[in-house]
Amino acid sequence: MESSNNSLYGSINTTSKRILASGHVNLSFGLTGCLLNGCVCFIIIHHKSLRQPFNHLIVNLAVSDFLVSLAVILNSIINYTAAAAFHHLFDVTNIANIICKFIIFCIISSFSSTCLTLFAISIERYQCITTNHRHTMKLSTARKAIMLTWLLAASSTIIPAYYGKADPKDYNCTFANIAELWLIILLYILAFITIVLPILSMLILYTYIVIKLFNKIQVSDSNSPAIMKAQKKYLCHSIIVIVIISIFTCGTGLPLLSFYFTVIIGQYIDPNFRRLIIVQYYQWWAIASFLFLLAPIVNPLLYNFVSRQFRKIALDFFSFKCCCKSKRRCHKVMDS
C-alpha cells in the first residue's frame with residue numbers, strides 16, 4: 001500500500017514538474033512577444049511619418065501577434081495553476097475551461113486576421129507594381145480592410161471558442177465533442193474563407209508580382225543600369241522581405257491550426273481521437289506548438305527589413321531609451 005502511494009506521488013510530481021516547465025517556456029515566449037509587438041504598435045502610432053496605409057496593416061499584424069502572445073501568457077497561468085493543482089490534489093478544471101475558451105478565441109481569430117491582413121498587403125503591393133507606384137491603398141481603405149478582417153476572423157472563431165475546454169488530465173486546451181455535423185461543416189467553410197483562401201490568393205499575387213518585376217528588370221537591364229538597380233532594390237526591400245514574412249507567418253501557424261481542426265473532425269468520429277493522436281504524434285504536436293510560439297517573436301524583427309524609415313525610427317527609439325538609462329546610471333554614480 002505504501003509503495004503504491006509512493007509511485008502515485010512520484011507520478012504526480014513528474015507531471016507537475018513537466019507542466020511547470022511548460023509554464024516557464026510559455027511565460028517567457030509570451031512576455032517577449034507582447035513586448036516586441038507592443039513596441040511595433042507604439043512606434044508606428046507615435047510617429048506621424050509612419051501613419052501610412054501599409055504601416056496600418058503592419059500594426060494589425062502586430063496586434064494579432066500581441067493577442068497570440070497574450071494567449072500564451074494565459075496558457076502559462078493554466079500551467080502554473082495545474083502544477084499546483086496536481087501537487088495539492090485540487091481541481092481547477094472550471095477556471096481552466098474559461099481561460100481556454102479565451103485562449104482558443106485569441107489563437108484562431110489572430111491567425112485568421114493575420115492571413116487576411118497578409119492578403120490585403122499583397123493586394124496593396126500588387127496595386128503599387130501594376131500602376132508603376134502611382135497608386136497605393138488609401139488610408140480609409142486600409143482601415144476598412146482591418147475592420148473587415150477582424151469581423152471575419154471573429155465570426156470564424158465563435159464555434160471553436162464555444163466548445164473550447166481544458167483537458168482534465170493535463171489541462172491543455174482542447175475541444176469538447178461537437179455532435180452536430182452541420183456546425184463542423186460551417187466551421188470548415190469559415191476556416192477556408194478566412195485562412196486557406198487568403199493564403200492561396202496571396203501566393204498567386206506574389207508569384208505574379210515577382211514574375212512581372214523580373215521581366216521589368218530584364219528589359220531595363222539593356223536600357224538603363226540605374227533603373228535596373230532601383231528596381232532590384234525595390235524587389236528586395238518591398239517584395240521579397242514581405243513574401244518571406246508571409247510564408248514564415250503562415251508556415252509557423254498552419255501546423256498547429258491544422259492539428260486543431262483535425263481534432264475537431266476526429267472527435268466527431270471517435271471521442272478519444274485527441275489523446276490517441278497526441279500519443280502517436282506527440283513530437284510533431286510539440287514542434288507545431290513551438291513554431292506557433294516563435295512567430296510573434298520573429299515577426300517584429302522582420303518588420304525592420306520592410307521599411308527603412310521604420311528601421312531608422314526603431315533604432316533611434318531604442319538607442320534613446322538606452323541613452324536615458326545610461327544617463328540615469330551616471331547621475332546615480334555621480335550623486336553617490
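How many of the 38 residues of α3 are buried? Keep that one in mind while you get your bearings; we'll come to it at the second stop.

**Whole chain first**

What you have open is a predicted model. Start with everything selected. The protein chain holds 10 helices and two strands. Walking from the N terminus, you pass α-α-α-α-α-β-β-α-α-α-α-α. Colour by burial and you'll find that 46% of the 336 residues are buried. Switch to a surface view: about 18100 Å² is exposed, and carbon and sulfur atoms supply 69% of that area. If you draw a contact map, take the contacts between residues at least 6 apart in sequence: 81% of them join residues at least 24 apart.

**Stop two: helix α3**

Select residues 93-130, which make up helix α3. Here's the answer to the opening question: 27 of the 38 residues are buried, so the helix is mostly covered. Its length checks out too. At 1.5 Å a residue, α3 should span 56 Å, and its end C-alpha atoms sit 55 Å apart, in agreement with that.

Stay on α3 and pick F105. Is F105 buried or partly exposed? It counts as partly exposed, because its relative accessibility is 31% and buried means under 20%. Leave out residues up to four places away in sequence, and F105 touches S110, A154, T157 and A161. Now put a distance label between the C-alpha atoms of F105 and G164: they are 59 residues apart along the chain, and the label should read 8.7 Å.

**Stop three: the core**

Next, bring up the largest nonpolar core, which has 77 residues. Helix α3 gives the largest share of this core, 14 residues. Which members touch the most other members? Those are I58, I78, I103 and I121. As background, nonpolar side chains tend to be buried together in soluble globular proteins.

Zoom in on I121 and hide its neighbours within four places in sequence. What remains in contact with I121 is F54, L57, I58, L61, Y206 and I242. Notice I58 in that list; I58 is also among the residues with the most core partners.

**Stop four: two buried serines**

Stay on α3 and select S122. Its relative accessible area is 0%, so S122 is buried. Where does its side chain go? The side chain of S122 reaches the backbone oxygen of F119, at 2.5 Å. Beyond its neighbours within four places in sequence, S122 is in contact with M202, L205, Y206 and I209.

Now jump to S246, in helix α7 (residues 225-269). S246 has a relative accessible area of 1%, so this serine is buried as well. Show polar contacts, and you'll see the S246 side chain reaching the backbone oxygen of I242 at 2.8 Å. With sequence neighbours within four places set aside, S246 is in contact with L118, M202 and Y206. M202 and Y206 are also on the contact list of S122, so keep both serines displayed for a moment and look at what lies between them.**Stop five: helix α6**

Select residues 181-223 for helix α6, and pick S201 on it. S201 counts as partly exposed, at 22% relative accessibility. Draw a C-alpha to C-alpha distance from S201 back to S122: these two are 79 residues apart in sequence and 8.8 Å apart in space.

Then select L183, also in α6. At 12% relative accessibility, L183 counts as buried. Outside its neighbours within four places in sequence, L183 is in contact with I159, Y163 and I178. The C-alpha atoms of L183 and I159 are 7.6 Å apart, with their positions 24 residues apart in sequence.

**Last stop: helix α9**

Finish with residues 282-302, helix α9. The 21 residues of α9 reach 30 Å from first C-alpha to last, close to the 30 Å expected at 1.5 Å a residue. Where is the kink in α9? Look at A295: the kink there is about 35°, shortly before the proline P296. Both A295 and P296 are buried, and the other buried residues of α9 include W285, F292, I297 and P300.

Key
Residues are numbered from 1 along each chain as its sequence is written. This is a predicted model: local features need pLDDT of at least 70, side-chain atom pairs count only at pLDDT 80 or more; totals for chains, interfaces and linings use all residues. Side-chain values use heavy atoms; hydrogens and water are left out. Helices (H or I, at least four residues) and strands (E, at least two) are DSSP runs, numbered from the N terminus. The expected span of a helix is 1.5 Å times one less than its number of residues. The bend at a residue is the angle between axes fitted to the seven residues ending there and the seven starting there. Buried means under 20% relative accessible area, exposed over 50%, partly exposed in between (1.4 Å probe, protein chains only). A nonpolar core is a set of buried Ala, Val, Leu, Ile, Met, Phe, Trp, Tyr and Cys residues joined through side-chain atoms within 4.5 Å. Contact means heavy atoms within 4.5 Å. Accessible areas come from the Shrake-Rupley method with a 1.4 Å probe; for residues, only the protein chains shown count as cover. A polar contact is a pair of N or O atoms within 3.5 Å; within protein, one must be able to donate a hydrogen and the other to accept it, and residues adjacent in sequence count only if both atoms are side-chain atoms.
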